[in-house]
Amino acid sequence: SIYVEQQKRGQGIGLLLYRALFAVLKEMHIQNLYAVITEENQESVRFHEKLGFEIFAVYSKVGYKHGKWLDVIWMRAFLGEHSLPPEPVIWAPELPEGKVREMIRQRIEEHS
């Protein structure tokens, strides 16, 4: 999960962080991404749609908060093709030293 302070939203920070995260996850051979969002949080739903997520399930009245029952939306995105057999996961600590830092730096430069 990535959360951006309310006053910092709309500056592209979340998009930058998510794109960096996706690049790292792809390098790790992760294929499926999931987001679980309360339905009333339409700003987050739209943001995830912008990132390529799609809604694939809605769980009705599964959370109770601030005096009301909330529906929860499940969204998914795929980072690439689902090869057969799938490539084995490379855990982050097993990636070459400095690889994650370099990938994040590249995303920051693309954003600038």
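Let me start in the loop between H1 and E1, where His-29 is placed. Helices and strands here are DSSP runs, H or I of at least four residues for helices and E of at least two for strands, numbered from the N terminus. His-29 has a phi near 70°, a positive value in a residue other than glycine.

Some ground rules. This is a predicted model, in which local features need pLDDT of at least 70 and side-chain atom pairs count only at pLDDT 80 or more, while totals for chains, interfaces and linings use all residues. Residues are numbered from 1 along each chain as its sequence is written, and side-chain values use heavy atoms, with hydrogens and water left out.

On confidence: pLDDT is the predictor's confidence in each residue, from 0 to 100. The protein averages 90, and 99% of the residues score at least 70. Which elements have the lowest and the highest mean pLDDT? Helix H3, residues 99-111, is lowest with 83, and E3 is highest with 97. Where pLDDT is low, the predicted coordinates should not be read in detail.

Now the overall layout. There are three helices and three strands, and from the N terminus they run α-β-α-β-β-α. The C-alpha trace spans about 50 × 40 × 20 Å along its principal axes.

Next, the sheet. It is open, has three strands in the order E1-E3-E2, and its pairing is antiparallel; two strands pair if DSSP finds at least two bridges between them. E1 (32-38) and E2 (54-65) stand at the edges with a single partner strand each, so one side of each has no neighbour in the sheet. From one strand to the next the twist averages 20°.

Take the E1 side. Seven bridges join E1 to E3, residues 68-78, and the two run antiparallel. Val-36 stands opposite Trp-74 in E3, and Ile-37 stands opposite Ile-73 in E3.

On the other side, E2 and E3 are joined by eight bridges and also run antiparallel. Here Glu-54 stands opposite Arg-76 in E3, and Tyr-59 has Val-72 of E3 as its bridge partner. E2 and E3 form a hairpin with two residues between them, and His-66 in the turn has a positive phi of about 55°.

After E3 comes a loop leading to H3, and Pro-85 is found in that loop. The peptide bond joining Leu-84 and Pro-85 is cis, with omega about -10°.

That leaves the helix packing. Two packed helices are described by the angle between their axes and the distance between the axes. Axes are lines fitted to C-alpha atoms, for helices over the stretch in contact, and angles run from 0 to 180 degrees between N-to-C directions.

How do H1 and H2 pack, in angle and axis distance? H1 (residues 13-27) and H2 (residues 42-50) pack at about 50°, with their axes 11 Å apart. H1 and H2 are therefore oblique to each other; the scheme takes under 35 degrees as roughly parallel, over 145 as roughly antiparallel, 65 to 115 as roughly perpendicular and the rest as oblique. H1 passes H2 in a right-handed crossing, the near helix being turned clockwise from the far one by less than a right angle, where anticlockwise would be left-handed. Gly-14, Leu-15 and Tyr-18 of H1 make the contact with Phe-47, His-48 and Lys-50 of H2, contact meaning heavy atoms within 4.5 Å. These residues divide into three nonpolar, two polar and one charged. Ala, Val, Leu, Ile, Met, Phe, Trp, Tyr, Cys and Pro count as nonpolar, Asp, Glu, Lys and Arg as charged, and the others, Gly among them, as polar.

H2 also lies across E1, E2 and E3, running at about 10° to E3.

Finally, H1 and H3 pack at about 145°, their axes 9 Å apart. H1 passes H3 in a right-handed crossing. From H1, Leu-16, Arg-19, Ala-20, Ala-23, Val-24 and Glu-27 meet Lys-99, Val-100, Met-103, Ile-104, Arg-107, Ile-108 and His-111 in H3. The residues of this contact divide into eight nonpolar, one polar and four charged.
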